[in-house]
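The following exercises introduce a structure step by step. Please work through each task before reading its solution.

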Amino acid sequence: MSSLSSSSVAARDIVALEGVTKRFPGIVANDSIDLSIRPGEVHVLLGENGAGKSTLIGMLSGLQQPDEGRILVDGKPTPITSPRHALALGIGTVFQHMMLVPTLTVAENLLLGGPWWQRPRTEELAARVAEITSTLGITVKLHAKISELSLGEQQQVEILRAMVRNSRLLILDESTSMLTPTGIDELGALMRRLVEQGLSIVFITHKLKEAAAFGDRISVLKLGRKVGEIPPERFRTLGEQEIISEIVELMFGQQKDDPEAVDRPIRTVRAEAAPLLQVADLAVAPTDNAPGLSSISFEIRPGEILGIAGIDGNGQKQLAEALAGQRVATGGSVRLEGTAIETLSVGERRQRGLRYLTDDRLGEGTVGTFPVSINFFLKQVGTAPFWRNGFEQRAEIDKRAAQLVREYDVRTPSLKTPVARLSGGNIQKVLLARELAEGAKVVIFNKPTYGLDLANTLASRQRIRDTAARGLAVLLISTDLEELLSICDRIAVIANGALVGTVENVDDARTKVGRLMIGLAA
Amino acid sequence: MNGLFSEVFLSALLFGAITAAIPLLLAGLGEQMSEKAGVLNIGIEGMMLAGAYLGFVGAFYSGSLWLGFLTGAAGGVAVALIMALLCVRIGLNQIVIGIALTLGLEGLTALLHHFQFSRSYPRLPAADATVIPLLSDIPVIGSAFFKHHLIVYLAVALVFGMGYLYRRTQLGLNLQAAGDKPAALDVAGIDVIKTRTIAVLTTGALAGLGGAYLANVGAGLFIPFITNGAGFLGIVLAMLARGRPIWVLFGALLFGVCLSLTTAMQVAGINIPTDVIQMLPFLAVMIMLVLFGRRASLPAALGIPYERGAR
Amino acid sequence: MSIDTAPTVSATALDATSGAATRRDILHRLLMTLGPILAALVIAGCILLAVGVDPLAYYGYVLEKGLFSPLGIQQTLTRMAPLLFLAAGLIVAFRAGMWNLGGDGQFLLGAVTAAASAPVFVQLMPAWLALICSFLIAAVVAMIWSLVPALLRAYQGVNEIITTLMMTFLGTSLANVLVKLVFRDPGTTVPQTRTLPVEDRLPRLFDTTITSGLLLGLAAIIIVHLVMTRTAFGLKLRIVGANPRAAVHAGLGVPGLTIAVFAISAGLVGLAGAVDIIGVQGNVRADWNPAYGLAVIPAVFLARMNGFAAIGFVFLLSVLSIGGESAARRLGVPNHFTLVLVSIVLIVLALAEYIDHRYNQSRRA
């Protein structure tokens, strides 16, 4: 590269951001961010959800344009106008949500983007892929349909796609959230080999450990601002624990302790109390795009929080849906306060006190275009006092909705505001209010803090603790191990649709759960 | 009743079936391309009418059928351009705009016809057939299949051309990606809007050509509402064919035979209302749907406008 | 809009703010509706100019014949009766997210069964009971006709656009077969059903020629509107329409609701056919197909599936079509022009809504 001859330090950057700002209605997603990305480095972008990581990637990959500031490529100011332009500049992105066409084969997906009049050059591709995969030590089935591949394999295809296109800069967006612990290690090793070949990698994550393990340089984002950077020189001199505590300081300000690690209050779960929820040998048949469940058994007593840990996509959602009655179970029994409920409908289960707080807040939890007030009662349509003889009692609905808005601190312009206009945290409060309202006995939380900012995350966790403290049984499904460790009484691990073990949440729980997650005995 | 099974009759029946099937085939192939790319094109009936009217005008004033086909296709493209602008570019509701375009073109072509031709009702001379040597000498089949206007053979060839396009070219991949996962196509560096626009305009060209064939070769004249639901039939064919052009051909032929049979029965003086026979293909398809109606595999993003960055 | 800028309002102040906004909303809506209609009239006027017709004279004549002449307004109001039933049926389906494009087939089958049954019933029972029975039969037949698309959609997930389109082709042909073969009046040479004597038809209103079917149609659409907006059942249907997955999550029986939607929608469309026959036509002639189904869809869209607004648009549509029919005879402009006008209104309105939405978005940002 000619830039080597240049004396300017900035010229060594493959890509540099200078004072980049991006605004969306209501929020500043990125606030004058400076960033320099150099060859042969894994640059970790660390930040919690909502810190502005995705927006930053959107701008680097040409999906969005900055409102202020500029992006320099090879030292020259270059607006990245489209994904095509980004690719031409050598910037390849592996998105958090897989960007592959499920109905096409691996080869066809890799070929996507060629000149339209051409025949896809399959032979050429096969040779090129063989060349790349041999140096990287991965194998790829070129003629398999994407829909037949596991998420880890799909990710490899995406990385391969960036390589096939001669990318100089590879952006990996939250790439470990879908992987098993071994898969994460493999990805780490792969990234190392790639940077050794002279590539730059931007690795986005919200997990401190990964940042410390895989990075050469770490930039920390917080609420749209870059709050700090650890350059490689410093990085090399520090041990893993030191790096982590330094990052924590950057992310959470003065307080040294991890704010998420609230001391778990010692609750006394009365061991002699009869279980509120008993599940025995629950089974669900697998479908095209979801794993099945096999012989799931557990019990939850009043006031107890049982956590379900595991890599995303191992049957967590299916478990929650089968318990709630949304998914047909092929076998097993579910008992609420001793009575079998497995044959009951969703509505009947809810009426008896089984509540399910979904992780898909806008997709199925609410009707986005409906007002906040109606969304509080979506699961009670037709019941008194909100409906009498089938007729809506608007005054009753508004009265109760206003009460819930106050009680759960939902920040909404008005009760009539379409719920989709609220922030994720406030939508979650609407769901919490709905599910925890009168009559709840057993509550299933599915990834309750996914995508929330820190304040809302902490508030939601407190809600869950309070729920258990009221004597309800709680099933907490989460992919965030820290969350489970900070809240649960016991943690069960799910893998491939089966519970592979249950651990009491005491001192060595972290190691035990970790061992179960990678397929070892606790 | 002898006449019903005579060679001449059978031959005429099949000849009529092909003639009736071609507009449906072209409409179905066109709609299929839009749907593959993720655009539900309800306005195809309007595109056919535009093609029929302009195709007739072109052929009538120039005296050349080929120029008529050209103006017909251009008419379809013009309507498709509105559809592409409103539904693909700025993402308005495809069903609303589709119905608006169909209604509008029904009215507009009827209106123009009224002011231009309603006194004279001009007709075009019968279209010249391209007789294929040797093959056309086969009894029955010969004069049924191999004595058509050249455009008929081209339309059938198009079926295989489309098949090749979808399975063997980069554009085929792009189209499928635009319908199944537009965001993936976008990050691969291909403009989704452009890809879908190409698909919609091609639909317009094919539908316009189908309309022009209907007016210029099938009927020899333009009358208001001449398409009589052929565009909607094209939508049905495209949805049932699940992305395979060859199935559009089979479907079009099935409907063509039934349409031809209704004419033939009238000629033969058989006393069954033609409506009975017109019902047959729909009945067959509905029964098939009831028996084998698993989830029709439509593109995942069908009917959803693409907006970059929206998830 | 003011309500969007205020981040938080205490719960007690909620009602006052939204009350003020509603009035502005209505004004805004009115502007957003009338503006595009005016623009569409201008564009359509240009088309008239192009074919050599004075648009002002045409519009004036249409208004005079469809709205301001005593006979015209009576015809307009009579025409509204079946259209209102159709609009009511479509509102139910569209609000529940089901694209019932099979209106014409359901309409004709309802019409034919009403035409076939009414003349028989009036000889067997009192006229009022006979008419009620005919209405019921028409509704039930149309409901049964919608059962196949309903079941396929509810249990097999087959797209209802294809199935209802096919059923409408099938229904149109079947209606003709029934007229020609089964219910044919032996006393006439042209194939048509037996004619219901004028005195047995739906009574006219006061001393006018307006059919009392108008009142039935108004009642139907208002009831549908109230059911959709004020009742638990209507809310359930709207949930299914707005977010089917949320409906499953909330424990609604989606397949059952789907079938109910199709049944109610088709039933109302069948009643539209019946009210046209029993109120106005008296019989069904072979190959009769007014194709109201497709024409009413724009009115329902323009009304944004609001029942009261739909009454207004159906009225407008009736004025245009009655006035257009007179203009066709007098000015030589075929009434197909109405289709052009409706289409332009629809497109301009959709565009205006888009621009308005964009404008609001950029202001908020």
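A residue is buried if 20 or more other C-beta atoms lie within 10 Å of its own, exposed if 12 or fewer, and partly exposed in between, with C-beta atoms placed from the backbone. This is a predicted model, in which local features need pLDDT of at least 70 and side-chain atom pairs count only at pLDDT 80 or more, whereas totals for chains, interfaces and linings use all residues. Residues are numbered from 1 along each chain as its sequence is written, and chains are lettered from A and ligands numbered from 1 in the order in which they are written.

**Exercise 1. Classify C:R304 and A:D74 by their surroundings, and describe their backbone.**

Step 1. C:R304 has 15 C-beta neighbours inside 10 Å and therefore counts as partly exposed. Its place is the loop between α12 (292-302) and α13 (307-331) of chain C. Helices (H or I, at least four residues) and strands (E, at least two) are DSSP runs, numbered from the N terminus.

Step 2. The phi of C:R304 is positive, about 50°, although the residue is not a glycine.

Step 3. A:D74 counts as partly exposed because it has 18 C-beta neighbours inside 10 Å. This residue lies in the loop between β4 (68-73) and β5 (76-77) of chain A. Its phi is near 55°, a positive value in a residue other than glycine.

**Exercise 2. Determine how chain C is built and whether its radius of gyration agrees with that of a compact globule.**

Step 1. Chain C contains 14 helices and zero strands.

Step 2. The radius of gyration is taken over C-alpha atoms, and the globule rule is 2.2 Å times the number of residues to the power 0.38. For 365 residues a compact globule would have a value near 21 Å, so the 22 Å of chain C agrees.

Step 3. Along the principal axes, the C-alpha atoms of chain C fill a box of roughly 75 × 55 × 40 Å. Of the 365 residues of chain C, 54% count as buried.

Step 4. Two residues are in contact if their C-beta atoms, placed from the backbone, lie within 7 Å. In chain C, residues 24 or more positions apart account for 77% of the contacts with a separation of 6 or more.

**Exercise 3. Describe chain A and state how confident the predictor is in it.**

Step 1. Chain A has 18 helices and 22 strands. Buried residues make up 46% of its 522 residues.

Step 2. The pLDDT is the predictor's confidence in each residue, from 0 to 100. The mean for chain A is 83, and 90% of its residues reach 70 or more. Over residues 1-11 of chain A the pLDDT is below 50, and beyond near neighbours in sequence this stretch has nine contacts in the model.

Step 3. The peptide bond from A:A384 to A:P385 is cis, with omega near 0°. A:P385 belongs to the loop between α13 (372-376) and β17 (387-388) of chain A.

**Exercise 4. Which elements of chain B supply at least two residues of the side that touches chain C?**

Step 1. In this interface, 41 residues of chain B are in contact with 37 residues of chain C.

Step 2. The elements sought are α4 (94-117), α10 (230-241) and α12 (274-292) of chain B. With 15 residues, α4(B) gives the most.

Step 3. This side of chain B has 30 nonpolar, seven polar and four charged residues. Ala, Val, Leu, Ile, Met, Phe, Trp, Tyr, Cys and Pro count as nonpolar, Asp, Glu, Lys and Arg as charged, and the others, Gly among them, as polar.

**Exercise 5. Analyse the contact of α1(B) with α6(B), then the surroundings of α7(B).**

Step 1. The contact residues include B:I18 and B:L25 of α1(B), and B:A155 and B:M162 of α6(B). By class, the contact has 10 nonpolar, no polar and no charged residues.

Step 2. Helix α7 (residues 170-180) of chain B is mostly covered, with 10 of its 11 residues buried. Among these are B:L173, B:N174 and B:D180.

Step 3. The buried residues of α7(B) pack against α3 of chain A and, within chain B, against α1, α6, α8 (182-187) and α9 (192-219).
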